[in-house]
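Q: Please take a close look at how one pair of helices packs together in this model. A connected account would be appreciated, covering the geometry and the residues involved.

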Amino acid sequence: MSEVDRGGDVIVVGGGIGGLANAYALAGAGRKVTVLERAPEFAEVGAGLQMAPNATRVLREWGMLDAVLDKGVRPRRLVFKDAVDGGELTHLDLGEEFEARYGAPYVVIHRSDLLDILAEGCRGAGVELLADTRVDDVETGPEAAVALVGGRRIGADVVLAADGLHSSLRAKLSGDAPVCSGYVAYRGALPVAELGDELDGQALEQVVVYLGPGHHLVQYPLRGGEMFNTVAVFESPAYHRGEQDWGGPEELDEVFSGACAQVRRGLRSLWRTRRWPMYDREPIPTWIDGRLALTGDAAHPMLQYLAQGACQAIEDAHCLSAQVDKTAAADGPRWPAALAAYQEARTERTARVQRTARVWGDIWHVDGLARLLRNELFSDRDPADFKHVDWLYGV
């Protein structure tokens, strides 16, 4: 067996938003951290990302919120509309009262911009970032070691699995597999200048969600209003027929054919050469195996309907670093106690977010009488009523 090189206090496997958030937070808590990323560089694929105040409060504490606001947009409203007739159903004001209630703003930002901010913060905090590094296995026990493809082994006090929805390291704790929803997402982000008169002034000030039977469309501005982000999601008939090739552009157009003109116009902004099938997993109560701990999507992958995937990963990072501080002794962290406290603090909350996201998706996509009832309930809602989001955004 090859010798073990010492890699610091913590090795983070995965250099996405969750991995870098954990690395930054733990480095700020005085730990020496190494991040291993299998891709050739630290980069995010996709487009826009919604950051609710439960995450932006943490970013403010980390000193990153100004950079996020500089790169992103602070929308004025979150609006829900009916995708069939285009009518507004309800909205959430995201202005001063909202920020005062939750202690931080709602921000939309390009995924790659947030990752760049986190990576810059990690470098400034002394985190070692190693790209193009593939992990073969993790050995846990009194200490941990990561076995790399090629034979090198790197030791640490703790290994964090931040390797996403398809995490290979999660298999050490659970034999489950990703659950396919039968829905697929198409994304697109174009310069506003290319869209011409397709956008009105309000489009650059709000997040708009069009709810339709078996589909929805989300639109909002990015990069200071210079770009416009569109996401279209639909349930694939081909998936339910058991076809291997499902969710293609032809299905996209077919499913959205009954949508209003605004929604159909939005489809023109999508990239049609790539699609993202939507998966999550069932919640699991155990995230720890010895000195290995799951975090982010490796621990709690969720559907996108609450826009909480990245937010919950940032909450994970904040929680774990806080538990490391709380359980530390004069000679350093008490890792078993810190990991146990982190698991105790996070599993119930993230499970609720996972399950609620599924329910929220069901509500968005109803048809017939259920659609009429949903629209009536949404329309009767007092826009000043925050009771349905207090549990999610509150301190």
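**Packing of H10 and H11**

A: In this predicted model, helices H10 and H11 cross in a right-handed sense. The residues that form the contact are, on the H10 side, Gln312, Glu315, Asp316, Cys319, Leu320, Gln323, Val324 and Thr327. On the H11 side they are Trp335, Ala337, Ala338, Leu339, Ala341, Tyr342, Ala345, Arg346, Arg349, Thr350 and Val353. By character, this set of contact residues comprises 11 nonpolar, 4 polar and 4 charged members.

As for the geometry, H10 spans residues 309–327 and H11 spans residues 335–364. Their axes come within 8 Å of each other and cross at roughly 150 degrees. Because angles over 145 degrees count as roughly antiparallel, H10 is roughly antiparallel to H11.

Elsewhere in the model, an open sheet of 4 strands provides further context, with the order S1-S11-S10-S9 and mixed pairing. Strand S1 (4–6) and strand S9 (135–139) occupy the edges; each has a single partner strand, so one side of each lacks a neighbour in the sheet. On average, and with direction ignored, neighbouring strands of this sheet are turned by 30 degrees against each other. At the S1 edge, S1 pairs with strand S11 (residues 153–156) in the parallel sense over 3 bridges. Within this pairing, Val4 has Arg153 of S11 as its bridge partner.

Methods
Residues are numbered from 1 along each chain as its sequence is written. This is a predicted model: local features need pLDDT of at least 70, side-chain atom pairs count only at pLDDT 80 or more; totals for chains, interfaces and linings use all residues. Side-chain values use heavy atoms; hydrogens and water are left out. Axes are lines fitted to C-alpha atoms, for helices over the stretch in contact, and angles run from 0 to 180 degrees between N-to-C directions. Helices (H or I, at least four residues) and strands (E, at least two) are DSSP runs, numbered from the N terminus. Angles under 35 degrees count as roughly parallel, over 145 as roughly antiparallel, 65 to 115 as roughly perpendicular and the rest as oblique. A crossing is left-handed if the near helix is turned anticlockwise from the far one by less than a right angle, and right-handed if clockwise. Contact means heavy atoms within 4.5 Å. Ala, Val, Leu, Ile, Met, Phe, Trp, Tyr, Cys and Pro count as nonpolar, Asp, Glu, Lys and Arg as charged, and the others, Gly among them, as polar. Two strands pair if DSSP finds at least two bridges between them.
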